[in-house]
Amino acid sequence: MGWIGWIILGAVVLLAVMVVGIYNNLVGLRQNVRQGRADIDAQLRQRHDLVPNLVETVKGYAGHESSTLEAVVEARNAAAKGDPDSKSEQGLRVALDNLLALGEAYPDLKASANFQELQSELANIEDKLAAARRALNAAVSRFNTARESFPAVLFAGTLGFEEADFNKLDDSERGTVDQVPHVGF
């Protein structure tokens with residue numbers, strides 16, 4: 001084998017090492033995206049699991065608000081069924097907002113330590129959910145950047161790495177997060 005043969009062999013080996021490195025990097029980044037989606041699912045499940053306790057607590061103080069309680073239970077069941085989607089989560093969010101608004105109408109409920117604890121836990125879950133969404137979007141950004149960077153862009157599609165989707169605002173959040181809050185004294 002002459003020196004041209006060695007150069008060609010070296011180039012092939014270098015190319016193979018480069019492709020393996022790109023592949024391994026993209027696999028790791030794709031796993032981060034999958035982990036981000038799983039974290040969001042876990043937070044949504046926690047929210048769904050909290051709803052029955054919240055409903056039972058409210059039922060003790062405002063049992064005659066059965067239509068509100070039934071709406072929350074139905075929305076929770078719809079959201080807990082299958083994969084989370086924007087429409088079912090929006091329905092649950094609206095139903096929970098209506099349920100929490102009962103605290104204003106029933107001072108005894110609002111003063112209940114159990115209700116306050118559940119309200120605080122729900123707020124904590126919402127904060128964790130927002131953090132999980134931000135982490136997912138960061139992971140998606142890193143993955144998509146690596147996938148679209150040279151030389152990975154030459155091999156990513158062939159190796160089966162499709163562009164990942166960002167977590168977007170659901171319909172219940174659209175049009176409200178960009179508005180300035182009204183504060184009155």
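**Close-up views of a predicted six-helix model**

By the ring-pairing rule, the count for this predicted model comes to two aromatic pairs.

**Figure 1. Tyr23 and Phe161 form an edge-to-face aromatic pair.** The ring centres of Tyr23 and Phe161 lie 5.5 Å apart, and the planes meet at 65°. The pair links distant parts of the chain, with Tyr23 in helix H1 and Phe161 in the segment after helix H6 (152-155), 138 residues apart. Tyr23 has a relative accessible area of 35% and is therefore partly exposed. Phe161, in contrast, has a relative accessible area of 0% and is buried.

**Figure 2. Phe143 and Phe161 form a tilted aromatic pair.** The centre-to-centre distance between Phe143 and Phe161 is 6.4 Å, with 55° between the ring planes. Here too distant parts of the chain are linked: Phe143 belongs to helix H5 (residues 113-148) and Phe161 to the segment after H6, 18 residues apart. With a relative accessible area of 2%, Phe143 is buried. Tyr23, Phe143 and Phe161 together make up one aromatic cluster.

**Figure 3. Arg47 and Glu89 form a salt bridge.** A search of the whole structure finds four salt bridges. In the one shown here, the closest N and O atoms of Glu89 and Arg47 are 2.7 Å apart. Because Glu89 lies in helix H3 (residues 86-105) and Arg47 in helix H1, the pair ties together parts that are 42 residues apart in sequence. Glu89 has 5% relative accessibility and so counts as buried. Arg47 is likewise buried, with a relative accessible area of 1%.

**Figure 4. Glu126 forms salt bridges with Arg47 and with Arg93.** The side chains of Arg47 and Glu126 meet at an N to O distance of 2.8 Å. This pair links distant parts of the chain, Arg47 in helix H1 and Glu126 in helix H5, 79 residues apart. Glu126 is partly exposed, its relative accessible area being 25%. In the salt bridge between Glu126 and Arg93, the closest N and O atoms are 3.6 Å apart. That contact links Glu126 in helix H5 to Arg93 in helix H3, parts of the chain that lie 33 residues apart. Arg93 counts as buried, at 17% relative accessibility. Through shared partners, the salt bridges join Arg47, Glu89, Arg93 and Glu126 into one network.

**Figure 5. His48 is a buried residue of helix H1.** The relative accessibility of His48 is 6%, so this residue counts as buried. Leaving aside neighbours within four places in sequence, His48 is in contact with Arg76, Ala79, Ala80, Glu89 and Leu92. One of these contact residues, Glu89, also forms a salt bridge with Arg47.

**Figure 6. Met1, Trp6, Leu9, Val13 and Val17 make a nonpolar surface patch.** The patch covers about 560 Å². Val13, one of the contributing residues, is placed in helix H1. At 44% relative accessibility, Val13 counts as partly exposed.

**Figure 7. The protein chain has six helices and zero strands.** Read along the sequence, the elements follow the pattern α-α-α-α-α-α. Of the 185 residues, 31% count as buried. Among contacts between residues at least 6 apart in sequence, 74% join residues at least 24 apart. The chain exposes about 11,600 Å², of which carbon and sulfur atoms supply 57%.

**Figure 8. Predicted confidence averages a pLDDT of 82 over the protein chain.** A score of at least 70 is reached by 87% of the residues. Among the elements of the chain, helix H1 (residues 3-61) has the highest mean pLDDT, at 91, and helix H4 (residues 107-111) the lowest, at 78. Over residues 171-185, pLDDT stays under 50. For this stretch the model has eight contacts beyond four places in sequence.

Methods
Residues are numbered from 1 along each chain as its sequence is written. This is a predicted model: local features need pLDDT of at least 70, side-chain atom pairs count only at pLDDT 80 or more; totals for chains, interfaces and linings use all residues. Side-chain values use heavy atoms; hydrogens and water are left out. pLDDT is the predictor's confidence in each residue, from 0 to 100. Helices (H or I, at least four residues) and strands (E, at least two) are DSSP runs, numbered from the N terminus. Contact means heavy atoms within 4.5 Å. Rings of Phe, Tyr and Trp (its six-membered ring) pair if their centres lie within 6.5 Å; planes under 30 degrees apart count as stacked, over 60 as edge-to-face and the rest as tilted. Buried means under 20% relative accessible area, exposed over 50%, partly exposed in between (1.4 Å probe, protein chains only). Patches are made of residues with over 30% relative accessible area and no salt bridge: like charges are joined within 9 Å, nonpolar side chains (Val, Leu, Ile, Met, Phe, Trp, Tyr) within 5 Å. Accessible areas come from the Shrake-Rupley method with a 1.4 Å probe; for residues, only the protein chains shown count as cover.
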